[in-house]
Amino acid sequence: MNVRALDKDDLSRIAEYLSQPELAGLTGLSGDHGLTLSLDEITDGVEKWRSDEHGLIRVIDVEDELAGHLRCGWWWDAFTPWVEVVVRPEHRGRGYGTVGARWALTYLFMNTPAHVVHASTPDWNDDGIRFAERLGFERAGVIRRTGIRGGRYVDTIEFELLRRRWEEFDAVAR
C-alpha cells in the first residue's frame with residue numbers, strides 16, 4: 001500500500017469510483033447532496049482539488065489499484081485544517097483508510113501550525129462516525145438539516161482532533 005500524489009491518469013479512476021451510488025453524499029464534492037454525480041461533474045471537482053493552493057490530495061494505491069483518496073487543507077486559517085478520507089466500498093475494512101488518515105494527520109500536525117484538525121460526516125454514516133472516533137476524533141457539534149436523504153433531513157456531525165490528543169494516539173499507533 002502506498003499513499004502518493006495524484007497523477008493526471010488517476011482522474012478518470014477517481015471519477016469512476018466516486019460515481020458509485022454507495023458513495024453519494026460522501027464524496028466531498030460541491031453539489032454532492034446525496035445524489036450520484038456525473039463523471040464530468042466529478043472530474044471537474046477533482047480538477048479543482050488539484051489546483052487548490054490551500055490543501056492537497058493523495059491517492060491510496062494498493063497494487064496499482066486506487067483503493068481511495070484523502071484530502072486535507074485549510075480555508076482561511078491554517079491553525080484549523082480539515083481532513084477527508086474516502087475508501088472504495090470494496091476496499092473497506094482492510095486498514096487503508098486508517099493508513100491514509102494517519103498520513104494526512106501527521107502531515108498536518110508536523111507541517112502546519114495546526115492545533116486542531118476537523119472532519120465531518122453525515123449522521124447516517126455509522127462507519128464514518130466509528131472511523132473518526134477510532135482515530136481519536138471527538139464530536140464537536142452537529143450542523144442541522146444540511147441535506148435530505150430518503151425523504152428525511154440529514155444532519156452533519158462535526159469532529160475535531162486536538163494536537164495533544166493526536167500525539168497520544170500517534171504514540172500508541174507507533
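This is a dialogue about reading a predicted model of one protein chain, from the overall fold down to single residues.

Biologist: Where should I begin with the chain as a whole, and how many helices and strands does it have?

Modeller: It helps to begin with the order of the elements, remembering throughout that the model is predicted. The chain has five helices and seven strands, and along the sequence they follow the pattern β-α-α-β-β-β-α-β-α-β-β-α.

Biologist: What radius of gyration does the chain have, and what would a compact globule of 174 residues have?

Modeller: The idea is to set the value of the chain beside the one expected for a globule with that number of residues. For 174 residues a compact globule would have a radius of gyration near 16 Å, and the chain has 15 Å, so the two agree. Along the principal axes, the C-alpha atoms fill a box of roughly 40 × 40 × 35 Å.

Biologist: What share of the residues is buried, and what share of the contacts joins residues 24 or more positions apart?

Modeller: Of the 174 residues, 45% count as buried. Among contacts with a separation of 6 or more, 58% are between residues 24 or more positions apart. As for the outside, the chain exposes about 9600 Å², of which carbon and sulfur atoms supply 48%.

Biologist: How many positive and negative side chains are there, and how far apart are the centres of the two sets?

Modeller: There are 22 positive and 30 negative side chains, and the centres of the two sets lie 4 Å apart.

Biologist: Turning to single residues, is R88 buried or exposed, and which residues does R88 touch?

Modeller: For a single residue, one reads its place, its accessibility and its partners together. R88 sits in the loop that runs between β4 (82-87) and α3 (96-111). Because its relative accessible area is 12%, which is under 20%, R88 counts as buried. Leaving out residues up to four places away in sequence, R88 touches Y17, Q20, E65, L66, A67 and G68. For L66 there is also a polar contact, in which the side chain of R88 reaches the backbone oxygen of L66 at 3.1 Å.

Biologist: Which residues does A101 contact, apart from its neighbours within four places in sequence?

Modeller: A101 is found in helix α3 and is buried because its relative accessibility is 3%. Beyond those neighbours, A101 is in contact with V85, F131 and L135. A24, by contrast, is 77 residues from A101 along the chain, and the C-alpha atoms of the two are separated by 20 Å.

Biologist: How far apart are the C-alpha atoms of E22 and P89?

Modeller: Here the distance in space is read beside the separation along the chain. The C-alpha atoms of E22 and P89 are separated by 7.4 Å, although the two residues are 67 residues apart along the chain. E22 belongs to the loop between α1 (10-18) and α2 (39-50), and with a relative accessible area of 47% it is partly exposed.

Biologist: What is the phi of D64, and what is the phi of R145?

Modeller: Both values are positive, and each should be read with the place of its residue. D64, which is not a glycine, has a phi of about 65°; D64 lies in the loop between β2 (55-62) and β3 (65-73) and counts as exposed at 65% relative accessibility. R145, also a residue other than glycine, has a phi near 50°. R145 has its place in strand β6 (residues 138-149), and at 56% relative accessibility R145 counts as exposed.

Methods: Residues are numbered from 1 along each chain as its sequence is written. This is a predicted model: local features need pLDDT of at least 70, side-chain atom pairs count only at pLDDT 80 or more; totals for chains, interfaces and linings use all residues. Side-chain values use heavy atoms; hydrogens and water are left out. Helices (H or I, at least four residues) and strands (E, at least two) are DSSP runs, numbered from the N terminus. Buried means under 20% relative accessible area, exposed over 50%, partly exposed in between (1.4 Å probe, protein chains only). A polar contact is a pair of N or O atoms within 3.5 Å; within protein, one must be able to donate a hydrogen and the other to accept it, and residues adjacent in sequence count only if both atoms are side-chain atoms. Contact means heavy atoms within 4.5 Å. The radius of gyration is taken over C-alpha atoms; the globule rule is 2.2 Å times the number of residues to the power 0.38. Accessible areas come from the Shrake-Rupley method with a 1.4 Å probe; for residues, only the protein chains shown count as cover. Lys and Arg count as positive and Asp and Glu as negative; His and the chain ends are not counted. The place of a charge is taken as NZ of Lys, CZ of Arg, CG of Asp or CD of Glu.
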